[in-house]
Amino acid sequence: MNKDDQKLRNGMTKECIERSFAERRVFSLAKDEYTATPHDNFMTLAYTIRDRMIERWIDTQQRYHKQNLKRVYYLSMEFLIGRLLMHGIQNLGIEPEVRAALKTYGVNLDMVLEMEPDAGLGNGGLGRLAACFMDSMATLGIPAIGYGIMYDFGIFQQKLINGFQVEAPDHWRKLGTPWPIERPEYQIRVHFAGHTQHNREPSGKINVRWVDTDDIMAMPLDIPVPGYRNDVVNTLRLWSAKGTEEFGLEYFNHGDYIKAYENKLASENISKVLYPNDKVTAGAELRLKQEYFFVAASLADIIRRYRVHNERWEDMPKKVAIQLNDTHPALATAELMRILLDEAGLDWDPAWEITRQTFGYTNHTLMPEALECWPVPLLQRVLPRHLEIIYEINARFLAEVSRRFLGDPDRIRKMSLIDETGSKNVRMAYLAVVSSHSINGVSELHSKLLEKTLFKDFYEMYPERFNNKTNGVTPRRWLLDSNPKLSKLITEAVGDGWQTDADRLSGLLPKREDHGFREAWARTKRQNKESLAAFIKRTTGVSVSPDSVFDIQVKRIHEYKRQLLFAFYLIHHYLRIKRDPAAPILPRTALFGGKAAPGYEMAKLIIKFINNVASVVNADPSVRDKLKIVYLEDYRVSLAQRLFPASDLSEQISTAGTEASGTGCMKFMMNGALTIGTLDGANVEIAREVGRTNMFIFGLHAEQVAKLKASGYRPEDYLRRSPHLAEIMRLIKNDFFSRMEPGIFQPISDSLTHHDPFLVLADFEDYVRAQDEAEALYRDGTAWTKASIVNVAKSGRFSSDRTIRDYAKDIWGIPVDKSREIR
């Protein structure tokens, strides 16, 4: 095909898109306008858009290779990419042309967009952050590849049945997905089990071979990641597990047809589902195999790319930067050591220096249970060579600790990569810290707490390695795509360019004094609330008023995120209305969303509790429209994109010192919601940007939380002092919210009364105060709208573009390609 034909076929005009759509529908799907289903129209348009990415994709990759640029390799177990069609259209800058082209065929773009399923490649903030980072790296022109797993099933589809969370398979690929391209020519053989052979050469050097292994093939599938209107397309490479043989011919010939396929099916379980339940032994082994499967395949691919243009192993850190997105990929450090020692034949010291200079480690949690520890016997069975390498790393590291801190055996015990209290476990977070040249937290508070608590000993040993990189979110997805009405208003006010330079949003600040602009701002928010109210009515049957405050808490369900605190406030608010139905109460709509891990019984009980409270409140005629509570099932990216634009109040109420950063707070802020929250995670930095008058801060600070717990926290003291809390607890114990299920919520009341590990009762009264402040401000429409404008204007600092620039400069040593930022 010559260049003129190619331009005609993949051009960006309405006419070119019309032609491509017609051709793709016929030649890719064998459909016409009479037989095409709505899903066929989605697939056709997605192929049409992907075609326009592919030419730019190839050009981008050729440029990276020809210039032998240093690349970032971002390793993450999750990439919560959501829907890709509209994002691709926006980043290519062809929305008007696409709408016009589809209209020719009587097809509505908005209806087509609803046909796309959310990609089940992640669960929560970790995976969504990875997706934002990939978008920012492409937009900033940073050569990057993301590596993860192509899961056949997402974590699960959440159904709410009688208020309970019920998990159903999330078979997001059942109708096919148009984005990934298989690359069977780049399959990688990944080894498990077996044993090691140690052979000494005449020179005295020991060679190690890992033999008699069980092998699985890793098939790469590539998804294009377009930058925003800059002709850059990076790659998200996801691995799918395949058997080394399609079936065992010998078994087949003997008539054992099930056995013939047994090994293939067992192999492919590795990429079957996101996060298998690791509370059972088989689930733990599968989780470990998932982690090694994807890092082994990724390291082999990274080295293949490096060796195309580079021969010297010692130059690898000049061309390769590998970032570990949390602890899950930590085995990559031992895998690189294995490759350098056993396959490249390097001695330990140069191999270790290359490894340490290549890796950076991002920690995302302070919660001890989230820091992975693998039992030594499990590692010995599944990855025997890696366990040997980890033991050697530990021995050399502890020798260094002994030299640095003489006469301090307790420090050696605390810093060892092997936890020997009880059964032996490998501390994977410690392995990541020791093996990386950079260790970063994801908010200023989180990074300080890492240095003072979780990694205190390591910080004292390697202070130069620790740094902070506050998280961010991409304004392309979370403002431009999600909130087109507000985006249009912003562009009219500050001009174009804020999509890639979010600091330009500060140009909105003078506009808050403009009466006409404030009216347009409030009108846009009202329109978004009307759209969400219609969606809620359509999907849940509950009617909510756009005139009410939309007070929203959407995130993973966990005790430290304190959905119970919000629920308790809503009960308190309900009782206020009941006591004085004639009082001028500001109408409020409380929206919850989020999934609980299948094995986390308390979190699942919290979901049930919220739904039971909602049933009581919503059925009470004396409350009418003054309070509605709705739990939206199956929270996901596409649902989040409906919620954030309509939000008034953003609930960020975790116990201070528990949330690493949080990015939901940033998405709400970017859409004009005001935050009610503790000084935890990124809330601290949001407060500094917008000022205390434009958000509602309550609760104990992280230092006060630690001090209260150390002194002996007694939740019953707070119950005695607060008649409001006492009444709420009495209602729970008397089964007011569970008439047909007596005693079901006793675990909640017992936990709070006797333990309250996340200080719900301690912070309750101050939370009520903050809610009252929010209500008072909302009644003053002008003041609220001004505060909403300030929040958006100050959200530029929380763009993932800023975060990625900081990573590139401080950790990866990669310049941002200014010429590629926007065209």
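Me: A residue is called buried under 20% relative accessible area, exposed over 50%, and partly exposed in between. The model is predicted. What makes F164 partly exposed?

Reply: F164 has a relative accessible area of 32%. Partly exposed covers values between 20% and 50%, so F164, at 32%, is partly exposed. F164 lies in strand β4, residues 164-168.

Me: Which residues make a nonpolar surface patch with F164, and why can F164 be counted in a patch?

Reply: I161, F164 and V166 make a nonpolar surface patch of about 240 Å². A patch residue needs over 30% relative accessible area; F164 has 32%, so F164 passes that cut-off.

Me: Now the interior. Which residues touch the most other members of the largest nonpolar core?

Reply: L75, F293, F568 and F609 do, in a core of 215 residues. Helix α10 (residues 281-309) contributes the most to this core, with 12 residues. Leaving out residues up to four places away in sequence, the contacts of F293 include I149, V190, F192, W239 and I270. There is also a second, separate core of 54 residues, with V473, L508, V554 and A646 among them.

Me: What makes such a set a nonpolar core?

Reply: The members are buried residues of nonpolar kinds or cysteine, joined through side-chain atoms within 4.5 Å. In soluble globular proteins, nonpolar side chains tend to be buried together.

Me: Which residues of helix α18 are buried, and what covers them?

Reply: In α18 (residues 444-454) the buried residues are L445, H446, S447, L449, L450 and E451. Their cover includes β16 (438-441), α19 (456-461), β17 (466-468), α27 (683-690) and α28 (702-711). As for α27, its residues N683, E685, I686, A687 and V690 are buried, and they pack against α18, β21 (649-652), α26 (664-670), β22 (674-677) and α33 (781-793). Just after α27, G691 takes a positive phi of about 85 degrees.

Me: How many disulfides does the structure hold, and why is C665 not in one?

Reply: The structure holds 0 disulfides. A disulfide needs cysteine sulfur atoms within 2.5 Å. The closest cysteine sulfur to that of C665 is in C132, 12 Å away, so the distance is too far for a bond.

Me: Is C665 buried or exposed?

Reply: C665 has 1% relative accessibility, which is under 20%, so C665 counts as buried. C373, by contrast, has 38% and is therefore partly exposed.

Me: How many salt bridges are found, and why does the pair K14 and E18 count as one?

Reply: The whole structure has 72 salt bridges. The cut-off is 4 Å from a side-chain nitrogen of Lys or Arg to a carboxyl oxygen of Asp or Glu. The closest N and O atoms of K14 and E18 are 2.4 Å apart, so the pair qualifies. K14 and E18 both lie in helix α2 (residues 14-27), 4 residues apart, about one turn of the helix.

Me: Are K14 and E18 buried or partly exposed?

Reply: K14, at 29%, lies between 20% and 50%, so K14 is partly exposed. E18 has 16%, under 20%, so E18 is buried.

Me: What makes R356 and E353 a salt bridge, and how are they placed in helix α13?

Reply: Their N to O distance is 3.4 Å, which is within 4 Å, so the pair counts. R356 and E353 are separated by about one helical turn because they are 3 residues apart in α13 (residues 348-358). R356 is buried at 16%, and E353 is partly exposed at 38%.

Me: What is the distance between E392 and R396, and where do they lie?

Reply: The closest N and O atoms of E392 and R396 are 2.7 Å apart, so the pair is a salt bridge by the 4 Å limit. E392 and R396 lie in helix α15 (residues 384-404), 4 residues apart. E392 is partly exposed at 32%, as is R396 at 38%. Elsewhere, salt bridges that share partners join R183, D222, R237, D301, R304 and R305 into one network.

Me: What is notable about the phi of N68 and of D231?

Reply: Most residues other than glycine have a negative phi. N68 is not a glycine, yet has a positive phi of about 50 degrees; D231, also not a glycine, has one of about 65 degrees. N68 sits in the loop between α3 (38-67) and β1 (71-75), and D231 in the loop between β9 (214-226) and β10 (233-242).

Me: Are N68 and D231 buried or partly exposed?

Reply: N68, at 19%, is under 20%, so N68 counts as buried. D231, at 32%, falls between 20% and 50%, so D231 is partly exposed.

Note on methods. Residues numbered from 1 in each chain as written. Predicted model: local features only at pLDDT ≥ 70, side-chain atom pairs only at ≥ 80, totals over all residues. Heavy atoms only, no water. Patch = residues over 30% accessible without salt bridge, like charges linked within 9 Å, V, L, I, M, F, W, Y side chains within 5 Å. Areas by Shrake-Rupley, 256 points an atom, 1.4 Å probe, with all protein chains shown as cover. Helix = DSSP H or I, 4+ residues; strand = E, 2+ residues; numbered from the N terminus. Buried < 20%, exposed > 50% of the residue type's maximum accessible area, 1.4 Å probe, protein only. Contact = heavy atoms within 4.5 Å.
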